[in-house]
There are 2 protein chains.
Amino acid sequence: MASLGKTTAEPRTRLNRDRVLHTAIALADANGIEALTMRRLGEELGVEAMSLYNHVANKDDLLNGMVDAVFGEIDLPSHSDTWKIAMRKRSVSFHDALSRHPWAIGLRDSGTQPGPATLRHHDRVIGTFRNGGFSLALAAHAFSAVDSYIYGFAMQEKSLPFTTEEETAVMAQIMLAQLPADEYPYLAELTANHVLQPGYNYSDEFTFGLDCMLDALERESQASD
Amino acid sequence: MASLGKTTAEPRTRLNRDRVLHTAIALADANGIEALTMRRLGEELGVEAMSLYNHVANKDDLLNGMVDAVFGEIDLPSHSDTWKIAMRKRSVSFHDALSRHPWAIGLRDSGTQPGPATLRHHDRVIGTFRNGGFSLALAAHAFSAVDSYIYGFAMQEKSLPFTTEEETAVMAQIMLAQLPADEYPYLAELTANHVLQPGYNYSDEFTFGLDCMLDALERESQASD
DNA sequence: CAACATAAGCTTACGACGTAAGGAAGTAAT
DNA sequence: ATTACTTCCTTACGTCGTAAGCTTATGTTG
């Protein structure tokens, strides 16, 4: 079997930038960004660390590439929806992407070295506002306001020491027990009578703030015409 | 001179946690958080790196302490203002603090190991909403919404490769020149006709989004009574 | 003052990290 | 078959956080 002379017959798939990037993302998803080292990534790919430098310029380039890949996962705002519905959908999709890849939140390829997916995404968001009747200045304001909220929410979410509802209950109980209730009465009240109530899940707060922002933007856009 | 037998007469001020923390903050402010190493911090304090461990448990403890110190710089919401004015003032103060110490944005002592200043700050913010007539649930929503916006805005601001108006103009010009305008028409338009206009300064966008959020919250609180 | 306990500081060392430099081996084009 | 070019590996350097164990100040008690 396997008698053809020409085949190398080894499943040694060659490396390429895409494989490096996506393995790095899987690693960061699974073990956190601090566990993503060049040596560990090489190991995962069956290769020495230095071989990776044939496909990425350096670790920063790797990280930027990863972030751009995350931006590529976000649904672009649809042309067929109103600006408000389109922005709501893409904002939820944005939030979902950051939940899947929380390590991407602080990395910020955008601003310094935005990749093509990042640029396309931003372009389409601004275009959605413009086509929705927003002036250039208002579109800039809206872009900044909505994305700030999404980033910030994702950051707070990431920093919480719990994710599921059960974890939340356990952690909140612990924190409440350690909290000097006389010194921080409002924090204690919030923890006991809100966070510890059954069904509480911080992620649910996302759409509240998002809708606040979108409603406010709608009023701004109507006020200016 | 200095003949009293008892004096050691050396200006070798002893180390303490506060001096360590504030020197670390100054270093991070001046050279960025990545330049803050235990050895460099020790050098700055005239001490070997290992000596610092008499005053901080480890580097994480140092970073958490630094973040809590930043929270201590934020003006607490005033009791004598209405909730909206109080929140606006403290939000601007929050933003100012994060501008002075941009390295604090991703570090997040809150959530995992909030320090006393962080706790007090959060308690007072929640208290301001509660005393303004917000239900417990609405106060939680509002807290999350406003702080998410502030954090996210600060993060975007930090990631920009420019700060002053002149820098902005220079960088925008460069970016615009590299930008394929046919592929990203809205981004190109925004850069050319808004960012590059005289007087543009991204920081000014902060209060726009903040007021959107506060106005929306005001409507929410009125709807529920 | 002396004797001691405790805290603050120093020295050395270890195992990670990112990555520079240069050699070896595989692949493709002449 | 020769050449050129990628790709991958080996070795090595400097830097990081910090464990272990010391020496030296400082403070307390007689």
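## Contacts with DNA strand C

A polar side-chain atom of Lys59(A) sits 2.6 Å from a phosphate oxygen of DNA strand C. This is a polar contact, meaning a pair of N or O atoms within 3.5 Å; within protein, one must be able to donate a hydrogen and the other to accept it, and residues adjacent in sequence count only if both atoms are side-chain atoms. The model is predicted: local features need pLDDT of at least 70, side-chain atom pairs count only at pLDDT 80 or more, and totals for chains, interfaces and linings use all residues. Residues are numbered from 1 along each chain as its sequence is written, chains are lettered from A and ligands numbered from 1 in the order in which they are written, and side-chain values use heavy atoms, with hydrogens and water left out.

A phosphate oxygen of the strand also lies 3.0 Å from a backbone N or O atom of Met38(A). Arg39(A) reaches a base instead: an N or O atom in its side chain is 2.5 Å from a base nitrogen of DNA strand C.

## The surface around the strand

In total, 17 residues surround DNA strand C, and the closest are Arg39(A), Tyr53(A), Lys59(A), Glu48(B) and Ser51(B). A residue is near the strand if one of its heavy atoms lies within 4 Å of it. The residues of this surface comprise seven nonpolar, five polar and five charged. Here Ala, Val, Leu, Ile, Met, Phe, Trp, Tyr, Cys and Pro count as nonpolar, Asp, Glu, Lys and Arg as charged, and the others, Gly among them, as polar. Sugar or phosphate supplies 53% of the strand's atoms within 4 Å of the protein, and bases supply the rest.

## The fold of chain A

Chain A has nine helices and zero strands; helices (H or I, at least four residues) and strands (E, at least two) are DSSP runs, numbered from the N terminus. Its radius of gyration is 23 Å, well over the 17 Å that the globule rule gives for 225 residues, so chain A is more spread out than a compact globule. That radius is taken over C-alpha atoms, and the rule is 2.2 Å times the number of residues to the power 0.38. Along the principal axes, the C-alpha atoms fill a box of roughly 75 × 55 × 35 Å.

Of the 225 residues in chain A, 45% are buried, which here is under 20% relative accessible area (exposed is over 50%, partly exposed in between; 1.4 Å probe, protein chains only).

## Helix α5 of chain B

The buried residues of α5(B) include Leu119(B), Val125(B), Ile126(B) and Phe129(B). The buried residues of this helix pack against α8 (185-195) of chain A, and against α3 (59-73), α4 (83-100), α6 (136-159) and α9 (205-223) of chain B. Contact means heavy atoms within 4.5 Å. After α5(B) comes Gly133(B), with a positive phi near 100°.
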